[in-house]
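Me: Please take a close look at one part of this model. Describe what is covered there, what covers it, and how the surroundings are built.

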Amino acid sequence: MSIRVLVVDDSALIREVLSRTLGKDGDIAVVGTAEDPLEARTKIKELNPDVVTLDIEMPNMNGLQFLDKLMRLHPLPVVMVSTLTTKGASETLLAMELGAVDFVAKPNASLSGGLDAFGENLRQKVRAAANSDVKGRAMRSPPVNVPVRTAAAPNGSLIAIGASTGGVEAIRVVLSQLPTDCPPVVIAQHMPAGFTTRFASRLDELTELTVVEAEDRMPLLQGHAYVARGDYHLRVERSSGQLKCRLSQDDLASGHRPSVDVLFESVARSVGGMAVGVILTGMGRDGARGLKLMRDAGAYTIGQSPGSALVYGMPRVAFEEGAVVEQAPVEAVAARLAAALTRLKSAA
(Lines give C-alpha, C1' and ligand atoms only; values in the text may rest on other atoms or scores of the structure.)
Protein backbone atom coordinates (compact mmCIF):
# COMPACT_ATOMS: atom_id res chain seq x y z
CA MET A 1 0.00 0.00 0.00
CA SER A 2 1.34 3.47 -0.93
CA ILE A 3 2.39 6.02 1.67
CA ARG A 4 -0.17 8.85 1.44
CA VAL A 5 1.46 12.31 1.53
CA LEU A 6 0.07 15.84 1.77
CA VAL A 7 2.47 18.51 0.42
CA VAL A 8 2.16 21.93 2.09
CA ASP A 9 4.05 24.85 0.49
CA ASP A 10 3.09 28.32 -0.69
CA SER A 11 5.13 27.96 -3.91
CA ALA A 12 3.25 26.28 -6.78
CA LEU A 13 6.61 25.34 -8.33
CA ILE A 14 7.83 23.62 -5.16
CA ARG A 15 4.49 21.82 -4.77
CA GLU A 16 4.87 20.53 -8.32
CA VAL A 17 8.53 19.51 -7.83
CA LEU A 18 7.80 17.72 -4.55
CA SER A 19 4.74 15.94 -5.95
CA ARG A 20 6.61 14.71 -9.02
CA THR A 21 9.67 13.72 -6.99
CA LEU A 22 7.76 11.86 -4.29
CA GLY A 23 5.78 9.78 -6.78
CA LYS A 24 8.83 8.60 -8.71
CA ASP A 25 9.28 5.12 -7.15
CA GLY A 26 5.60 4.20 -6.98
CA ASP A 27 5.43 3.46 -3.22
CA ILE A 28 4.52 7.05 -2.27
CA ALA A 29 1.35 8.79 -3.45
CA VAL A 30 0.78 12.54 -3.10
CA VAL A 31 -2.93 12.61 -2.24
CA GLY A 32 -3.16 16.37 -2.06
CA THR A 33 -1.38 19.72 -1.82
CA ALA A 34 -2.04 22.88 0.18
CA GLU A 35 -0.64 26.38 -0.20
CA ASP A 36 -1.02 27.44 3.43
CA PRO A 37 -1.74 25.92 6.88
CA LEU A 38 -5.44 26.84 6.76
CA GLU A 39 -5.92 24.81 3.59
CA ALA A 40 -3.66 22.10 5.04
CA ARG A 41 -5.87 21.77 8.10
CA THR A 42 -8.91 21.10 5.90
CA LYS A 43 -7.00 18.68 3.65
CA ILE A 44 -5.68 16.69 6.62
CA LYS A 45 -9.26 16.15 7.83
CA GLU A 46 -10.45 15.20 4.34
CA LEU A 47 -7.54 13.05 3.15
CA ASN A 48 -6.08 11.55 6.36
CA PRO A 49 -2.49 11.47 5.01
CA ASP A 50 0.23 9.23 6.50
CA VAL A 51 2.89 11.97 6.22
CA VAL A 52 2.87 15.75 5.72
CA THR A 53 5.71 17.71 4.10
CA LEU A 54 5.69 21.24 5.48
CA ASP A 55 7.30 24.54 4.50
CA ILE A 56 8.11 27.04 7.26
CA GLU A 57 7.54 30.41 5.59
CA MET A 58 3.89 30.60 4.49
CA PRO A 59 1.01 33.11 4.47
CA ASN A 60 -1.84 33.14 7.04
CA MET A 61 0.04 31.05 9.61
CA ASN A 62 3.74 30.32 10.06
CA GLY A 63 4.65 26.66 9.50
CA LEU A 64 6.04 26.40 13.04
CA GLN A 65 2.79 27.67 14.57
CA PHE A 66 0.86 25.16 12.49
CA LEU A 67 3.24 22.33 13.45
CA ASP A 68 2.84 23.17 17.14
CA LYS A 69 -0.98 23.01 16.88
CA LEU A 70 -0.89 19.85 14.75
CA MET A 71 1.32 17.96 17.23
CA ARG A 72 -0.93 18.89 20.13
CA LEU A 73 -4.27 18.24 18.44
CA HIS A 74 -3.65 15.64 15.71
CA PRO A 75 -0.09 14.20 15.85
CA LEU A 76 1.13 13.20 12.38
CA PRO A 77 4.58 12.45 10.94
CA VAL A 78 5.87 15.70 9.44
CA VAL A 79 8.96 16.21 7.26
CA MET A 80 10.05 19.85 7.07
CA VAL A 81 11.22 21.21 3.71
CA SER A 82 13.62 23.95 4.77
CA THR A 83 15.74 26.68 3.19
CA LEU A 84 19.53 26.39 3.48
CA THR A 85 20.05 29.60 5.44
CA THR A 86 21.10 30.39 9.00
CA LYS A 87 17.52 31.46 9.79
CA GLY A 88 16.21 28.35 8.03
CA ALA A 89 18.51 26.13 10.09
CA SER A 90 17.36 27.69 13.38
CA GLU A 91 13.70 27.36 12.48
CA THR A 92 14.19 23.79 11.27
CA LEU A 93 15.76 22.74 14.56
CA LEU A 94 12.91 24.39 16.42
CA ALA A 95 10.55 22.32 14.24
CA MET A 96 12.35 19.16 15.39
CA GLU A 97 11.81 20.23 19.01
CA LEU A 98 8.12 20.81 18.27
CA GLY A 99 7.77 17.25 16.95
CA ALA A 100 8.72 17.13 13.25
CA VAL A 101 10.29 13.78 12.35
CA ASP A 102 12.96 15.06 9.97
CA PHE A 103 13.81 17.69 7.35
CA VAL A 104 15.28 18.14 3.90
CA ALA A 105 16.89 21.24 2.43
CA LYS A 106 14.62 22.81 -0.20
CA PRO A 107 15.88 22.47 -3.81
CA ASN A 108 16.97 25.69 -5.46
CA ALA A 109 18.67 26.95 -8.61
CA SER A 110 22.12 25.94 -7.32
CA LEU A 111 20.94 22.33 -7.09
CA SER A 112 21.21 21.80 -10.87
CA GLY A 113 22.07 18.15 -11.33
CA GLY A 114 21.35 17.53 -7.67
CA LEU A 115 17.58 17.15 -7.98
CA ASP A 116 17.84 13.36 -8.23
CA ALA A 117 19.84 13.22 -4.99
CA PHE A 118 17.36 15.58 -3.34
CA GLY A 119 14.47 13.37 -4.46
CA GLU A 120 16.07 10.17 -3.19
CA ASN A 121 16.77 11.84 0.16
CA LEU A 122 13.21 13.17 0.41
CA ARG A 123 11.66 9.79 -0.40
CA GLN A 124 13.85 8.02 2.18
CA LYS A 125 12.83 10.53 4.85
CA VAL A 126 9.14 10.23 4.01
CA ARG A 127 9.42 6.42 4.26
CA ALA A 128 11.14 6.75 7.65
CA ALA A 129 8.48 9.23 8.79
CA ALA A 130 5.71 6.82 7.76
CA ASN A 131 7.30 4.16 9.98
CA SER A 132 7.86 6.49 12.94
CA ASP A 133 6.01 6.40 16.25
CA VAL A 134 4.84 10.02 16.35
CA LYS A 135 1.59 9.26 18.19
CA GLY A 136 3.45 7.18 20.79
CA ARG A 137 5.91 10.02 21.34
CA ALA A 138 3.09 12.53 21.72
CA MET A 139 1.49 10.41 24.47
CA ARG A 140 4.71 9.98 26.48
CA SER A 141 5.54 12.51 29.19
CA PRO A 142 8.58 14.65 28.35
CA PRO A 143 11.68 13.56 30.28
CA VAL A 144 12.85 15.65 33.21
CA ASN A 145 16.22 17.18 32.33
CA VAL A 146 18.00 16.74 35.65
CA PRO A 147 21.69 15.89 35.18
CA VAL A 148 22.70 12.50 36.55
CA ARG A 149 25.67 12.34 38.88
CA THR A 150 28.79 10.50 37.84
CA ALA A 151 31.79 9.51 39.85
CA ALA A 152 34.41 11.48 37.92
CA ALA A 153 35.16 9.24 34.96
CA PRO A 154 38.70 7.99 34.49
CA ASN A 155 41.06 9.95 32.24
CA GLY A 156 40.94 8.72 28.66
CA SER A 157 37.27 7.67 28.79
CA LEU A 158 34.86 8.82 26.10
CA ILE A 159 31.15 8.76 25.19
CA ALA A 160 30.25 8.19 21.51
CA ILE A 161 26.68 8.76 20.24
CA GLY A 162 25.17 8.04 16.83
CA ALA A 163 21.68 8.85 15.52
CA SER A 164 19.61 9.66 12.46
CA THR A 165 15.85 10.26 12.07
CA GLY A 166 14.50 11.56 15.40
CA GLY A 167 18.03 12.02 16.71
CA VAL A 168 17.91 15.80 17.08
CA GLU A 169 15.51 15.49 20.01
CA ALA A 170 16.92 12.20 21.36
CA ILE A 171 20.45 13.63 21.53
CA ARG A 172 19.14 16.72 23.32
CA VAL A 173 17.45 14.51 25.94
CA VAL A 174 20.64 12.52 26.60
CA LEU A 175 23.00 15.52 26.69
CA SER A 176 20.67 17.55 28.92
CA GLN A 177 21.03 14.86 31.60
CA LEU A 178 24.84 14.68 31.48
CA PRO A 179 26.80 16.66 34.10
CA THR A 180 29.71 18.98 33.36
CA ASP A 181 32.21 16.48 34.82
CA CYS A 182 31.34 13.84 32.20
CA PRO A 183 33.98 12.63 29.72
CA PRO A 184 34.15 14.13 26.22
CA VAL A 185 31.16 13.26 24.02
CA VAL A 186 31.48 12.75 20.24
CA ILE A 187 28.31 12.77 18.13
CA ALA A 188 27.49 11.65 14.59
CA GLN A 189 23.98 12.79 13.62
CA HIS A 190 22.93 12.43 9.98
CA MET A 191 22.53 16.07 8.99
CA PRO A 192 23.56 18.07 5.90
CA ALA A 193 26.15 20.82 5.73
CA GLY A 194 24.73 24.15 6.86
CA PHE A 195 22.71 22.73 9.76
CA THR A 196 25.26 21.17 12.13
CA THR A 197 26.70 24.52 13.26
CA ARG A 198 23.28 25.63 14.46
CA PHE A 199 22.53 22.16 15.89
CA ALA A 200 25.69 22.31 18.04
CA SER A 201 24.93 25.86 19.17
CA ARG A 202 21.33 24.93 20.05
CA LEU A 203 22.54 21.98 22.17
CA ASP A 204 25.02 24.35 23.82
CA GLU A 205 22.10 26.62 24.79
CA LEU A 206 19.92 23.79 26.09
CA THR A 207 22.41 21.69 28.10
CA GLU A 208 25.03 22.18 30.80
CA LEU A 209 27.77 20.87 28.50
CA THR A 210 29.87 23.00 26.17
CA VAL A 211 28.73 21.80 22.74
CA VAL A 212 30.63 22.72 19.57
CA GLU A 213 30.83 21.67 15.96
CA ALA A 214 33.94 19.49 15.66
CA GLU A 215 37.04 20.91 13.98
CA ASP A 216 40.03 18.98 12.71
CA ARG A 217 42.64 18.24 15.42
CA MET A 218 40.44 19.77 18.14
CA PRO A 219 41.38 18.18 21.51
CA LEU A 220 38.59 16.33 23.34
CA LEU A 221 37.91 17.85 26.76
CA GLN A 222 35.84 16.84 29.79
CA GLY A 223 32.38 18.40 29.88
CA HIS A 224 32.46 19.12 26.13
CA ALA A 225 30.47 17.55 23.27
CA TYR A 226 31.60 17.58 19.64
CA VAL A 227 29.06 17.35 16.78
CA ALA A 228 30.26 15.94 13.45
CA ARG A 229 30.22 18.63 10.77
CA GLY A 230 27.67 18.10 7.97
CA ASP A 231 29.25 16.39 4.92
CA TYR A 232 32.39 15.43 6.92
CA HIS A 233 33.29 12.19 8.67
CA LEU A 234 34.32 12.59 12.31
CA ARG A 235 36.95 10.24 13.73
CA VAL A 236 38.70 10.11 17.10
CA GLU A 237 42.45 9.58 17.17
CA ARG A 238 45.03 9.48 19.94
CA SER A 239 47.94 11.84 19.32
CA SER A 240 50.72 12.61 21.81
CA GLY A 241 48.68 10.88 24.49
CA GLN A 242 45.61 13.06 23.87
CA LEU A 243 42.31 12.25 22.15
CA LYS A 244 41.52 14.56 19.24
CA CYS A 245 38.89 15.04 16.52
CA ARG A 246 39.84 14.26 12.92
CA LEU A 247 37.65 15.43 10.04
CA SER A 248 37.73 14.12 6.48
CA GLN A 249 35.62 14.07 3.33
CA ASP A 250 36.49 10.58 2.12
CA ASP A 251 33.77 8.42 0.56
CA LEU A 252 30.31 7.97 2.04
CA ALA A 253 30.20 5.07 4.50
CA SER A 254 26.98 3.10 5.05
CA GLY A 255 25.44 5.68 2.70
CA HIS A 256 26.30 8.66 4.91
CA ARG A 257 28.80 11.41 5.64
CA PRO A 258 29.03 11.85 8.59
CA SER A 259 28.72 8.13 9.23
CA VAL A 260 28.10 6.63 12.66
CA ASP A 261 30.08 3.54 11.63
CA VAL A 262 33.15 5.66 10.81
CA LEU A 263 33.00 7.41 14.19
CA PHE A 264 32.40 4.22 16.20
CA GLU A 265 35.16 2.29 14.36
CA SER A 266 37.67 5.03 15.22
CA VAL A 267 36.54 5.00 18.86
CA ALA A 268 36.95 1.20 19.02
CA ARG A 269 40.48 1.58 17.68
CA SER A 270 41.58 4.64 19.69
CA VAL A 271 39.69 4.27 22.98
CA GLY A 272 38.69 0.59 23.23
CA GLY A 273 37.29 -0.47 26.60
CA MET A 274 37.46 3.07 27.99
CA ALA A 275 34.57 4.12 25.76
CA VAL A 276 30.79 3.94 26.10
CA GLY A 277 28.76 3.82 22.88
CA VAL A 278 25.12 4.77 22.30
CA ILE A 279 23.04 4.18 19.19
CA LEU A 280 19.80 6.16 19.06
CA THR A 281 16.75 6.41 16.80
CA GLY A 282 17.19 6.26 13.03
CA MET A 283 16.39 4.46 9.80
CA GLY A 284 18.82 1.98 8.25
CA ARG A 285 21.86 0.18 9.61
CA ASP A 286 24.58 2.83 9.97
CA GLY A 287 26.37 2.37 13.29
CA ALA A 288 25.69 -1.35 13.85
CA ARG A 289 29.07 -2.50 12.51
CA GLY A 290 30.99 0.20 14.37
CA LEU A 291 29.15 -0.40 17.63
CA LYS A 292 29.93 -4.14 17.38
CA LEU A 293 33.62 -3.25 16.97
CA MET A 294 33.35 -1.05 20.07
CA ARG A 295 31.74 -3.86 22.08
CA ASP A 296 34.36 -6.34 20.86
CA ALA A 297 37.06 -3.88 21.98
CA GLY A 298 35.60 -3.90 25.52
CA ALA A 299 33.36 -0.82 25.38
CA TYR A 300 29.96 -0.77 27.09
CA THR A 301 27.23 -0.25 24.48
CA ILE A 302 23.63 0.97 24.77
CA GLY A 303 20.83 0.94 22.19
CA GLN A 304 17.65 2.98 22.36
CA SER A 305 14.75 0.64 23.16
CA PRO A 306 11.92 -0.10 20.71
CA GLY A 307 9.15 1.70 22.59
CA SER A 308 11.28 4.81 22.97
CA ALA A 309 12.88 5.23 19.52
CA LEU A 310 10.96 7.39 17.06
CA VAL A 311 12.33 5.08 14.33
CA TYR A 312 13.55 1.72 15.66
CA GLY A 313 15.84 0.98 12.70
CA MET A 314 19.50 1.61 13.53
CA PRO A 315 19.10 0.45 17.17
CA ARG A 316 17.26 -2.69 16.00
CA VAL A 317 19.99 -3.73 13.55
CA ALA A 318 22.69 -3.06 16.16
CA PHE A 319 20.78 -5.15 18.73
CA GLU A 320 20.18 -8.02 16.30
CA GLU A 321 23.85 -8.10 15.32
CA GLY A 322 25.00 -8.40 18.93
CA ALA A 323 26.44 -4.89 19.14
CA VAL A 324 24.29 -3.79 22.09
CA VAL A 325 24.95 -4.76 25.73
CA GLU A 326 21.63 -3.29 26.91
CA GLN A 327 18.65 -1.38 25.55
CA ALA A 328 17.13 1.59 27.37
CA PRO A 329 14.49 4.28 26.80
CA VAL A 330 16.01 7.60 25.81
CA GLU A 331 15.24 9.22 29.17
CA ALA A 332 17.28 6.50 30.95
CA VAL A 333 20.30 6.51 28.63
CA ALA A 334 22.26 9.14 30.60
CA ALA A 335 21.81 7.16 33.84
CA ARG A 336 23.04 3.99 32.09
CA LEU A 337 26.04 5.94 30.80
CA ALA A 338 26.78 7.18 34.32
CA ALA A 339 26.59 3.63 35.70
CA ALA A 340 28.96 2.34 33.00
CA LEU A 341 31.43 5.15 33.68
CA THR A 342 31.26 4.50 37.43
CA ARG A 343 32.17 0.87 36.77
CA LEU A 344 35.08 2.02 34.63
CA LYS A 345 36.26 4.29 37.47
CA SER A 346 36.02 1.45 39.97
CA ALA A 347 38.03 -0.84 37.70
CA ALA A 348 40.69 1.78 36.99
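Reply: The buried residues of helix α12 are Val 330, Ala 332, Val 333, Ala 334, Leu 337, Ala 338, Ala 340, Leu 341 and Leu 344. Buried here means under 20% relative accessible area, exposed means over 50%, and partly exposed lies in between, with a 1.4 Å probe and protein chains only. The model is predicted: local features need pLDDT of at least 70 and side-chain atom pairs count only at pLDDT 80 or more, while totals for chains, interfaces and linings use all residues. Residues are numbered from 1 along each chain as its sequence is written, and side-chain values use heavy atoms, with hydrogens and water left out.

α12 covers residues 330–347. Helices (H or I, at least four residues) and strands (E, at least two) are DSSP runs, numbered from the N terminus. At 1.5 Å a residue, the 18 residues of α12 should span 26 Å, and its end C-alpha atoms are 26 Å apart, which agrees. The expected span is 1.5 Å times one less than the number of residues.

What covers the buried residues of α12 includes β6, α7 (167–176), β12, β13 and β14 (326–328). Contact means heavy atoms within 4.5 Å. The four strands in that list belong to an open sheet of seven strands with parallel pairing, in the order β8-β9-β7-β6-β12-β13-β14. Two strands pair if DSSP finds at least two bridges between them. β8 (210–213) and β14 stand at the edges with a single partner strand each, so one side of each is left without a neighbour in the sheet. On average, neighbouring strands of this sheet are turned by 20 degrees against each other, direction ignored. Axes are lines fitted to C-alpha atoms, for helices over the stretch in contact, and angles run from 0 to 180 degrees between N-to-C directions.

Within this sheet, strand β12 (residues 275–279) is mostly covered, with five of its five residues buried. Ala 275, Gly 277 and Ile 279 point one way, Val 276 and Val 278 the other way, and all are buried. On one pairing, β12 is joined in the parallel sense to β6 (residues 158–163) over five bridges, and Val 278 is the bridge partner of Ile 161. β12 also pairs with β13 (residues 300–304), again in the parallel sense, over four bridges. There Gly 277 stands opposite Thr 301 in β13. β13 is in turn joined to β14 by three bridges, and these two strands run parallel. Gly 303 stands opposite Gln 327 in β14.

The link from β12 to β13 involves helix α10 (residues 288–296): β12, α10 and β13 make a right-handed β-α-β unit. A crossover is right-handed if, with the strands pointing away from the viewer, the path from the first strand over the helix to the second runs clockwise. Helix α9 (residues 260–270) lies across β6, β7 (185–189) and β12, running at about 165 degrees to β6. α10 packs on the sheet too, touching β6, β12 and β13, and its direction makes about 155 degrees with that of β12.

One loop residue belongs in this picture. Glu 321 sits in the loop between α11 (314–320) and β14, and at 36% relative accessibility it counts as partly exposed. Leaving out residues up to four places away in sequence, Glu 321 touches Arg 285, Ala 288 and Lys 292. The C-alpha atoms of Glu 321 and Lys 292 are separated by 7.5 Å, although the two residues are 29 residues apart along the chain.

As for cross-links, a search of the whole structure finds zero disulfides, a disulfide being a pair of cysteine sulfur atoms within 2.5 Å. The cysteine sulfur closest to that of Cys 182 is in Cys 245, 14 Å away, too far for a bond. Both cysteines are covered: Cys 182 is buried at a relative accessible area of 0%, and Cys 245 counts as buried at 0% relative accessibility.

Elsewhere there is an open sheet of five strands, also with parallel pairing, in the order β2-β1-β3-β4-β5. β2 (28–34) and β5 (102–105) stand at its edges, each with a single partner strand, so one side of each is left without a neighbour in the sheet. Its neighbouring strands are turned by 25 degrees against each other on average, direction ignored.
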